[in-house]
Amino acid sequence: MTVLSLRGINKTFGAVAALTDIELDVAASQVVAVVGDNGAGKSTLVKILSGVHPPDSGTISFEGREVEIPTPAAAHRLGIATVFQDLALCENLNVIQNLFLGQEIRPLRLNDVAMETRSWELLRQLSAKIPSVRVPVAALSGGQRQTVAIARSLLGDPKIIILDEPTAALGVAQTAEVLNLVERLRENGLGVIMISHNMADVRAVADKVAVLRLGRNNGVFDVGDVSAEDIIAAITGATDNAVSRRAQAMSTREVTP
Amino acid sequence: MTVLSLRGINKTFGAVAALTDIELDVAASQVVAVVGDNGAGKSTLVKILSGVHPPDSGTISFEGREVEIPTPAAAHRLGIATVFQDLALCENLNVIQNLFLGQEIRPLRLNDVAMETRSWELLRQLSAKIPSVRVPVAALSGGQRQTVAIARSLLGDPKIIILDEPTAALGVAQTAEVLNLVERLRENGLGVIMISHNMADVRAVADKVAVLRLGRNNGVFDVGDVSAEDIIAAITGATDNAVSRRAQAMSTREVTP
Amino acid sequence: MTTTTDRQDERLLDRQGLRGVLADVVERARGGDLGVIPVVIGLVVIWTVLQILNPIFLSSANLVNLTLESAAVGVIALGIVCVLLVGQIDLSVGSVSGLSGAVLAVLFVGNGLPVWVAILASVLMGAVIGWLYGQLFNRFGVPSFVITLAGLLAFLGLQLYVLGTKGSINLPFDSGLVNFAQLDFVPDWLSYTFAVVAAGWLFVSGFLHAGERRRAGLSARSVPLLAVRSLALLAVLAFVVWYLGQTRGVGWMFVFFVALVLVMHYLLSRTKWGRAVYAVGGNVEAARRAGINVRAVYTSVFVLCSTFAAVGGILAAARLAAANQSSGAGDVNLNAIAAAVIGGTSLFGGRGTAFGALLGIVVIQSISSGLTLLNLDSSIRFVVTGAVLLLAVIVDSVSRRSRTSHGRA
Amino acid sequence: MTTTTDRQDERLLDRQGLRGVLADVVERARGGDLGVIPVVIGLVVIWTVLQILNPIFLSSANLVNLTLESAAVGVIALGIVCVLLVGQIDLSVGSVSGLSGAVLAVLFVGNGLPVWVAILASVLMGAVIGWLYGQLFNRFGVPSFVITLAGLLAFLGLQLYVLGTKGSINLPFDSGLVNFAQLDFVPDWLSYTFAVVAAGWLFVSGFLHAGERRRAGLSARSVPLLAVRSLALLAVLAFVVWYLGQTRGVGWMFVFFVALVLVMHYLLSRTKWGRAVYAVGGNVEAARRAGINVRAVYTSVFVLCSTFAAVGGILAAARLAAANQSSGAGDVNLNAIAAAVIGGTSLFGGRGTAFGALLGIVVIQSISSGLTLLNLDSSIRFVVTGAVLLLAVIVDSVSRRSRTSHGRA
Amino acid sequence: GSGSGSGGDGNTGGGGSTENAKVAFLMPDLASTRYELQDKPLFEAKMKQLCPSCEVIYQNADSDAAKQQQQANSALAQGVKAIVIDPVDSAAAATIVKTAQSQQVPVIAYDRPIPATPADHYISFDNEKIGAMIAQSLVDHLKKENAEGGILQVNGSPTDAAAGLIKKGIHSAVDPSGFKLLAEYDTPDWQPEKAQTWVSGQITQFKDQIVGVVAANDGTGGGSIAAFKAAGTKVPPITGNDAEIAAAQRIVSGDQYNTISKPIKIVAEAAADTAYQFMQGKKPAGKDTLYNTPSQLFVPTVVTKENIKEVLFDSQIMKAADVCTGEYAKGCTELGIK
Ligand SMILES: Nc1ncnc2c1ncn2[C@@H]1O[C@H](COP(=O)(O)OP(=O)(O)OP(=O)(O)O)[C@@H](O)[C@H]1O
Ligand SMILES: Nc1ncnc2c1ncn2[C@@H]1O[C@H](COP(=O)(O)OP(=O)(O)OP(=O)(O)O)[C@@H](O)[C@H]1O
Ligand SMILES: [Mg+2]
Ligand SMILES: [Mg+2]
C-alpha cells in the first residue's frame, strides 16, 4: 500500500534548478533508499517532504489523499518524522530538552523524571555513548548529536520516517544499531526513506533504491536486482567513474606488488 | 622521521574526562588513522592539535621541538592544516571567500579573478558538484560544504594535514577522490591524520591505526597486521558487539531463507 | 552504592553527596559556569565600595528605598528578558510604560473610573501593543529593532496626546494604588512567615523530586544537601527581613515584583512554553522543524514584554503619585535592557533567566542610589556611574571568560 | 559561445547578456535578494507621500538642507555599520560625538590652538576611546552593550566636565570649519566633473575586470551592459547635481560624507580586513580557526566606530557653529543605529554594506525633515514619525520576506 | 544655482504684503508643558486676529539644538517672513540668526536671549530671575517660620541651558540666605522619577535637617513631594516653576509651597504683535536694550497659597473646574476658589 507518493516536484533556488520533475513512491513496511551525488537534491527533497521548503510545483499524496505540507508542524501532524542532515538541534538546550522539544510530557508542569528516564531508554537502544543527558547539545560530539537527532524522530507515533544520512557521523556499533532500528521500523509497518552514500548500508536494509542525478530521477531499482556498481554508475552517470577507476587501481596494485 | 608527537595529553570538560594520557606519533609520508567510538575523544584530540582548545596537561612536539599551540593561528604557522568535523565555515560568505579566508591573494586589493580561478581548480580536483562558487555557503548541500572545507586545507603549504571524518557527507565519487588525494599527500611527504568510522576507507589508505576508547589509547596497529574485526573489537572493547552480532544475524538469515 | 541510570559512563568524575557538590562548584568556577553567582559577587563588590564611600548606603532605610525603587523598572526588565531570550529586542518599553501611566491617570483621575478598571485598561492596552508588534514581526518580517523604535516614537506621541492639555496628572496620595507603592509594608510576622514558607517549600519540593528520581533509578540530591540548601535560604531571607524591618520593612510593591519574578521563573523553566522560548532563541529553524509554532512564541513574548512594560508604568506612576510627559522617557529603556544583560541574558537569544532581571536591576539601582548619596557634580557622577557599572560587569565576565577555553561557548 | 569555467553545471539557468541580467533581476526579486533596491523603493514611497503632503519637500532648497543635515549622523552611522557587522554594538557614539565637539571647541576657541590641531586631537581621542573598548572587550569579554553603555555615561560626564561652567561654546562663523559645514558648496563645473569621473571610472574598472575574467576563462559582464550601467549612473548623478544646483548646490560636507562611504565600501568589500570583518560577524569561531586575529578585528572595528563618532561630532559642531551640553544627546544614538539597520545591516552580524548607512540616514532625515515641514503638534508628529518609519521598512522587509521560503535565511 | 550661500526659492525678505505670509514659531522642548499648551495656542490666536490669512509654522525641538537648526532651515525653505524662536541653546542659536538674517528674515528671540549674535528683537522674562524669585520666596518663608536646618536644591537637566540659568538664579538667593545648602542635584532630563530617587536618598542621609527644597520646575517639585510622602515624613516647603495644573492642585492641598506664573499670554501676544510688525516691513523698537537687542521684558509672579486665587483663577489663567477635582475640592473651598 503506497503511503506517500510524489509527482512532478520542482524546486528552484535562485539560478539553480535543484529538483526537476521528481517522482517517488513509498509503501508501508518498505524502506526506500534515495541515493545520489553531492548536491543531487536529496536533502532538498527531504525538506519538501517535511514542510521546511514548499515545492515550486508538483503534488504530494499521503495515504491516497493529496496534501499540502506548508510547515514542519503540518508534516508532524501527518505523521512524517524526519532526521535532517544538519540535525536541527538547539545547541543551547540539553539532550532531554532537545529530544522532547515540541512534545514535552505534561506541558504545564514538565515531568523531568519521566522525560529523563525515557531519554536514557532511547539512547541506550541506539547504544549511544553520551556521558550525561543534562549537558547542552553544544558540548556533544558529532556522533552523539546525530544519535540524539535519530532518537528524537522515534518519539511520537510517526507513519513515515525520513532519515537524511543518519549514519554519516556514527561509529561502527551505532551504525549497526541504526540499521537494526530501520529493520525494526519496517517490521512495525512504517515507511522509511533513507538517504545514504554508503552502498553497503543501502543494500543491507533497503527494499528499493531511487537514484537522483543533478536534480532529476535517474532510475528506481529493486535492491535484489542490482549490484553496487550499477547503482554507482547511475549516481555518477557513467560506468567509468572515480570509484571504478580507484577500485581498478587498487586491484592492479595488489596484483603487481 | 616523526613530525608530530603527543605525550600524556589530558583534557577535561566540566565533569567529563574527555582525554586521558593520550600518546600519538605521526611521521612524514605517513597516514595515521585515528578511530574510536562516538564520543571517544577523537575530535577533541584534533582540536588540541589545531589550537582550538589548549590541553589541560601534556606535551606536543613538532619536528623534534616541544611546542605550544595556543591558537589556531599558531597551528597554521607551524604548518598544521585541519578539516574540522563541524567544517567551521562562515555561512554568510561565499565559496571563494571561505576558501581563501585568512589567506587572501593581494590583501589590499583582493584579486578576485585569481582566487576564483584557483577555487575552480581545487574543486574540480575533488570532483565537487558545486554549480556556482559565488553563492553563500549557507546555500550549499552537506557534501558540497565538506568539499569546500577539504579544499581549503590544501591552500597554503602545510606539513601535517588533519582530516576529521572528511568523507562523512561525501558522495561515492568524491570519497574516492579524497582517498586519492590522501595518497597523493603522503607521496608528497606530508603527515596525515585521518579520522574515520569507515573501516574500508581506513584500511585502504592508512599506514597505522590508533584506537581511542572512552578517552584513552586502546592500541596502535599497523594496517597490514590487523583485520577490520580486530579494529572494531578494539573500538567497542569487546569481540561480541553490535557489528559482529549484526553480521552474524545477516549471515544466518542468508543461510536459512 | 549501586550506579544510577544516569551515571554509568566511566568517564564521569564521581561527584556525589556534599563533598561531590563542593568539588563540582570548584570545577564549575574553573570552567566559568557559575550561573548568577558572579553577578552576586559583582554586587557585593559594589556594595562594599559604596558603603566605604558613604556609610549611609547600606543603612536599612536606604536599602528599603532601594527595594521600592527597583520594582517598576525591574518589572519592565522582566519583560525584556523574555524578548531577549528569543533573540529580539523591545526599545519601546519606556514609551509604553509612560503611556500606560498616562492612561491610568486619565481614566482614574480624569474620568473618575474605579482604579481597578483603569489598571485593567492600561494592562490590556500593553497587551494589545505587544500583539501588534507580534503581528508586524511575523507578517512582514520587519526587524524588531525597527518595529519597536517606531513604537517608541508613536507611543511617546500618544502619551503626550493622552495627557493633552494637562501635561501632568496627580494621583491622589490617599488612593490605594499610591499607598501600595509608597507606604504599604508587609507586617513583620507575615514577612517571616513568607521566609519560612519559601524555605520549607524548597525543601519539600526538592525532597519529593529526589524521591521520584530515586524510584526511577536516577541519581538524586541527598537529603542533607537539600536540608543545607533550604536552611541557607531561610537564613538569608530571615536576615533580609530582619534588617529591612529595622526601619520600614519589606514593601508590598517589592513583594509583588519578586512574586512576578518567581512566576516568570516557573513559566520559563517548567512549562512547554518556556522550552519553546529557549528553543526559538537558540535556533529558530530547529524550533520550527520541531513543530513549534514559532510565530505564536514570538507573539506571546512581545505581548508579555509590553504587558510588563504597562505594569511597570503603573507602578512608576503609583510610586511618583503622578503621570507626566516625561514618565518612561530618559533612561528607562536603557536601564531595563541593561538590567537584563547584566543579569546574564544574552542579546543573541537563548540564554538568561528571570532571576537575572532581579539581580540586574538591583545592581543598577545600587549604583544609581549609591552615587546619588555622594552628591557629586553631574559631570563626575556620570563618569563614576559608567566606571562602577563596568566594574560590576567585569567581575561577572572575568569569571565567565574561561568558558570558551573550557569549551562552553 | 563556449561555456566558461564557472558556468558548466548543467543545472544553471542561462543568464548571459542584457536579457539574462533582466531575467536574473526578476528571479532575484522573486527570491527577495535585491540588495539595496527595496530600501530605495521605500525611500521613493516616502518621498512621494511627503511631497503630496507638502509640495516644498522635494524643492531644491529643502533637499540641499537634507543633504547637509544627513552628513554628521551619517558619518556616525557608517561606524555603527562596522560594529554591527561583527555582531557587536556601540551605544556611546552620541556621547563620543558630543565629547569630540566639546574638545574641539575648547581647544580651538578656548585655548586658541589652530583648528587642525583641535580636529586632530578630537579624532585621536575618538580612536583612543575605541581602542579602550576593544581592550575591555577582548580582555574581559564584557558584552559590548555594557561596555558602551558605561562609555555613554562616562563620556557624557566628561563632555559636561570639558565644557565646564560655560555649558556652550560658539565656534567663530568665519572659521574654515564652520564655512565648510554651512556655506561651502562645490562649484557647478566641479560637481559635473565629479559625476563624469565617477561614471567613467565605473565603466573603465568594469571593463578591465571583465577583460581579466575573460582571459582567465570565466564568465564576464558584456560591454553593452557595462555601458548601460555607467550611463545610468551618469544620468542620475548629473540630474542630482543639476537639481541641487537650482539653489545652493552640493555641499562639501556632503561630498566628504559620500567620500567616506566610498572609502569604507572599498575597505569592506575589497580588502583582507573587510573579509575578516564579515567572517567574524558570520561565525567568530570559524574565523578564529581560519587563523584570523579575531581580537585585532574587534579592536579595529571599535576604533573605527569611535573615530567616526568623533568625526561626526566635529561635523555636527561645525554645522551648528557651537558645541554644547546637549550635543550628541537625544536621539543621535538611536538615529545612527536605526540608519544602519534600515540600510540593511543585520543586528546579528555578518550582513550589511557601507551604502546602507547612506541610504538609511537619508530615509531617516527625509522623514524628520518631511514631518518638520508638516507643522504638526508634537504628539501627532511623534506618532506619524513612527508610522512612516515603519512604512519605509515594511516595504524593504516584505520584498526580503520571501527569502526564507526561497532558502536564503 | 551657485555656491553663493544665500537666496532660497523666491524668498523676498522682510518687506511687502502679508497676504498668506508665514511665520515660524520655534519652541525648545517638551520638558515643560507650557510651550505646547500655552505659548503656541496663544501666539496662534493673536496672529490669526492680526492677520487672518497668515500661517504659523510651529515646531518643537525636543531639547535638541541640531534639530532646532533643522527646523529653522526648513522654515526658511518654506519662505517664512519672520522667525520667533525660543532657543534650545542660546549660544548655538547664533547660527540660526545668521542664516535667517543672511536671507533677510528677521529673528525674534523669545523667552531666552541669543547673546552671541544679536537677534532683531527680544521678548522675555528672565530664567535667572525666575530661579532667584522662587528660591527667595522659599527662603523668606523659612525665615518667617524661624526654621532651622538646611535646604536641598533640585536643578533641571544638566544638558539644558535654561536649567543652568535657573540654577544660577537659585544659588543667588540660597547662598547668602544663611540656610545651609545640604546638597544639590542636576536632574537628568528633568525627570521627576530621578528627583524622587535623589530626594529619597537625601532624606535617609539628612533626616529632619531638611527644612525646604528648591526644585527648578513643577515636575521635579512633584517628585520631591512624592519622596517625602513615600518616606512617611512631613513634607517641608517645596518650590516649583511653570504653574502647571498639577502644581496648582498641590499648592491648594498644601503639599507644594510655591510655583511661578509667567504672564505667557502677554508675552505670546507681544511676540505675535512684534512679528507681525516685522512682517509688514516695520522695525519695532523695544523698551529696553539687552544684548544689543531691542527688548521687551515682563515680570512673572510667584504663586503661593496666599495669592493663588488672584493670580491664577481670578485672572482666568486656570479654571477652577480643572483644578478643584476630587480630593482637591476641599482645599479649593477653603481658599475660596470656585
Ligand atoms: N537554501 C538553499 N539556497 C540555495 N541553494 C540551495 C539551498 N539548498 C540547497 N541548494 C542547492 O540545491 C542543490 C541540491 O542540494 P541538496 O542539499 O538537496 O543536495 P544533497 O543531494 O542533499 O547533497 P549532499 O549529498 O551533499 O547532502 C545544491 O546545488 C545546493 O547548492
Ligand atoms: N566543548 C565541549 N564541552 C563539554 N564537553 C565536550 C566538549 N566537546 C566534547 N565534549 C565531550 O568530550 C567527549 C569527546 O568528544 P569528541 O567530540 O572528541 O568525540 P569524538 O571522538 O570526536 O566523537 P564522534 O565520533 O562522535 O565525532 C564527548 O563525551 C563530549 O561530550
Ligand atoms: Mg544532503
Ligand atoms: Mg568527532
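Which residues coordinate the magnesium ion (ligand 3), and through which atoms? In this predicted model, the ion is held by A:Ser43 through OG and by A:Gln85 through OE1, at 1.9 to 2.1 Å, where donors are N, O and S atoms within 2.8 Å of the metal (3.2 Å for Na, K and Ca), and sites may look incomplete because water is not among the atoms. The pair links distant parts of the chain, since A:Ser43 belongs to helix H1 (residues 42-49) of chain A while A:Gln85 sits in the loop between strand E6 (80-83) and helix H3 (95-99) of chain A, 42 residues apart. Helices (H or I, at least four residues) and strands (E, at least two) are DSSP runs, numbered from the N terminus. A:Ser43 counts as buried at 15% relative accessibility, whereas A:Gln85, with a relative accessible area of 21%, is partly exposed; buried means under 20% relative accessible area, exposed over 50%, and partly exposed in between, with a 1.4 Å probe and protein chains only.

Before going further, the conventions should be stated. Residues are numbered from 1 along each chain as its sequence is written, and chains are lettered from A and ligands numbered from 1 in the order in which they are written. Because the model is predicted, local features need pLDDT of at least 70 and side-chain atom pairs count only at pLDDT 80 or more, while totals for chains, interfaces and linings use all residues; side-chain values use heavy atoms, with hydrogens and water left out.

A magnesium site can also be described in chain B. The protein donors of the magnesium ion (ligand 4) are B:Ser43 (OG) and B:Gln85 (OE1), lying 1.9 to 2.1 Å from the ion. Here B:Ser43 is in helix H1 of chain B and B:Gln85 in the loop between strand E6 (80-83) and helix H3 (95-99) of chain B, so that the pair, 42 residues apart, links distant parts of the chain. B:Ser43 counts as buried at 14% relative accessibility, and B:Gln85 is partly exposed, its relative accessible area being 22%.

The serines at these sites also take part in the surroundings of two further ligands. Ligand 1 lies between chains A, B and D, and 22 residues surround it, the closest being A:Lys42, A:Ser43, A:Thr44, B:Ser141 and B:Gly143; a residue is near a molecule or strand if one of its heavy atoms lies within 4 Å of it. H1 of chain A and helix H5 (142-154) of chain B each supply at least two residues of this shell. Among the polar contacts (pairs of N or O atoms within 3.5 Å; within protein, one must be able to donate a hydrogen and the other to accept it, and residues adjacent in sequence count only if both atoms are side-chain atoms), an oxygen atom of ligand 1 is 2.8 Å from a polar backbone atom of A:Gly39, and another contact places a polar side-chain atom of A:Lys42 2.7 Å from an oxygen atom of ligand 1. From chain B, a polar backbone atom of B:Gly143 is 2.6 Å from an oxygen atom of ligand 1. Taken alone, ligand 1 exposes 630 Å², of which the protein buries 95%, with accessible areas obtained by the Shrake-Rupley method with a 1.4 Å probe and, for residues, only the protein chains shown counting as cover.

Ligand 2 lies between chains A, B and C. Its 22 surrounding residues include A:Ser141, A:Gly143, B:Lys42, B:Ser43 and B:Thr44 as the closest, and helix H5 (142-154) of chain A and helix H1 (42-49) of chain B each supply at least two residues of the shell. Oxygen atoms of ligand 2 lie 2.8 Å from a polar backbone atom of B:Gly39, 2.8 Å from a backbone N or O atom of B:Gly41, and 3.1 Å from an N or O atom in the side chain of B:His197. Taken alone, ligand 2 exposes 640 Å², and the protein buries 95% of that.The arrangement of the chains completes the picture. Among the eight pairs of chains that touch, the most contacts (heavy atoms within 4.5 Å) are between chains C and D. A rotation of 180° with 0.0 Å of shift along its axis superposes chain D on chain C with an RMSD of 0.1 Å, and the two copies are thus related as by a two-fold rotation axis; the superposition is by least squares on the C-alpha atoms of residues with pLDDT of at least 70 in both. In chain D, the C-alpha nearest the axis is that of D:Phe348, 3.6 Å from it. The copies meet through the same surface, because 100% of the interface residues of chain D are also interface residues in chain C.
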